Structures are given as C-alpha cells and as structure tokens.
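Me: Hey, I'm new to this one. Can you walk me through it while I look?

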Amino acid sequence: MPIVVRIDVELARRKMGVGEFAERVGLTPANVAVLKNGRAKAVRFSTLEAMCRVLDCQPGDLLEWVPDEREAQQAPHEAGR
C-alpha cells in the first residue's frame with residue numbers, strides 16, 4: 001500500500017508510549033498496532049483528528065504517500081506527457 005503511517009516516528013519524538021497514546025486517542029493498543037504496521041484499510045477523520053490533537057501535529061506528519069514499485073517505474077515515462 002502506498003500510504004505509510006508514521007505514528008511511531010511522532011510517538012518517538014514525543015517520548016510517548018503506545019498505551020498512553022491509545023488511551024488518549026480512544027483506541028485500543030491493538031488498533032494502534034494495526035495502524036502502525038500498515039494493516040489498516042481506512043482511518044476515520046475523527047480518529048485522525050484525535051491523533052493529531054494528542055500529538056499536536058498535522059495529518060501529513062502521520063501519513064505519507066510513497067509510490068509503489070510499479071508506479072515508480074512508470075513515473076519516468078509519464079514525465080514527458
């Protein structure tokens with residue numbers, strides 16, 4: 001999946017554990033693990049908002065689009081369009 005979740009980076013920057021983060025956001029630690037490991041299929045805006053509020057960050061600090069291998073190979077060919 002080309003969307004990478006960077007919760008672990010923001011937690012480390014704030015020296016906050018998963019348990020505290022989960023409690024403050026209103027998620028279970030298991031659901032935080034699903035997000036951190038990239039296994040989530042969707043994130044509700046209300047959850048994203050809560051994560052940003054707790055971490056005092058922007059959504060772009062938590063989510064990053066990274067092209068997959070196929071898209072990366074196509075990019076040079078499409079540059080001339």
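Reply: Sure. First a term: a salt bridge is a side-chain nitrogen of Lys or Arg within 4 Å of a carboxyl oxygen of Asp or Glu. Also keep in mind that this is a predicted model.

Me: OK, so how many salt bridges does the structure hold?
Reply: There are 4 salt bridges in the structure.

Me: And why would side chains pair like that in general?
Reply: Side chains of opposite charge can pair when their charged atoms come close.

Me: Let's start with Glu10. Where does Glu10 lie?
Reply: Look in helix H1, which covers residues 7–14.

Me: Is Glu10 buried or exposed?
Reply: Buried, because its relative accessibility is 4% and the cut-off for buried is under 20%.

Me: What does Glu10 touch, skipping residues up to four places away in sequence?
Reply: With those set aside, Glu10 touches Leu55, Cys57, Asp61 and Leu62.

Me: Which salt bridges does Glu10 form?
Reply: One is with Arg13, where the closest N and O atoms are 3.3 Å apart. Another is with Arg14, and there the closest N and O atoms are 2.6 Å apart. The side chains of Glu10 and Arg13 are also joined by a polar contact of 3.3 Å.

Me: How are those partners placed along the helix?
Reply: Glu10 and Arg13 are both in helix H1, 3 residues apart, which is about one turn of the helix. Glu10 and Arg14 are 4 residues apart in helix H1, so about one helical turn separates them.

Me: What about the arginines, how accessible are they?
Reply: Arg13 counts as exposed, because its relative accessibility is 58% and exposed means over 50%. Arg14 is partly exposed, with a relative accessible area of 28%.

Me: Switching to helix H2: which side chains meet in a salt bridge there?
Reply: Arg24 and Glu20 do, at 3.4 Å from N to O. Both lie in helix H2, 4 residues apart, or about one turn of the helix.

Me: What are the relative accessibility values for that pair?
Reply: Arg24 comes out at 45% relative accessibility, so it counts as partly exposed. Glu20 is partly exposed too, with a relative accessible area of 42%.

Me: Back to sharing partners: which residues do salt bridges join into one network?
Reply: Glu10, Arg13 and Arg14 are joined into one network by salt bridges that share partners.

Me: New topic, Met16. Where is the place of Met16?
Reply: Met16 is in the loop between H1 and helix H2, the latter being residues 18–25.

Me: A loop residue, then. Buried or exposed?
Reply: Met16 is buried, with a relative accessible area of 12%.

Me: What is Met16 in contact with?
Reply: Leaving aside its neighbours within four places in sequence, Met16 is in contact with Leu11, Phe21, Arg24, Val54 and Leu55. As for Leu55, its C-alpha atom is 9.1 Å from that of Met16, and the two residues are 39 apart along the chain.

Me: Last thing, backbone angles. Which residues other than glycine have a positive phi?
Reply: Lys15 is one of them, with phi near 55°. Asp56 is another, with phi near 50°.

Me: Where do those sit, and are they buried or exposed?
Reply: Lys15 lies in the loop between H1 and H2, and at 77% relative accessibility Lys15 counts as exposed. Asp56 is in the loop between helix H4 (45–55) and helix H5 (59–62). Asp56 also counts as exposed, at 69% relative accessibility.

Note on methods
Residues numbered from 1 in each chain as written. Predicted model: local features only at pLDDT ≥ 70, side-chain atom pairs only at ≥ 80, totals over all residues. Heavy atoms only, no water. Helix = DSSP H or I, 4+ residues; strand = E, 2+ residues; numbered from the N terminus. Buried < 20%, exposed > 50% of the residue type's maximum accessible area, 1.4 Å probe, protein only. Polar contact = N/O pair within 3.5 Å; in protein donor to acceptor, adjacent residues only side chain to side chain. Contact = heavy atoms within 4.5 Å.
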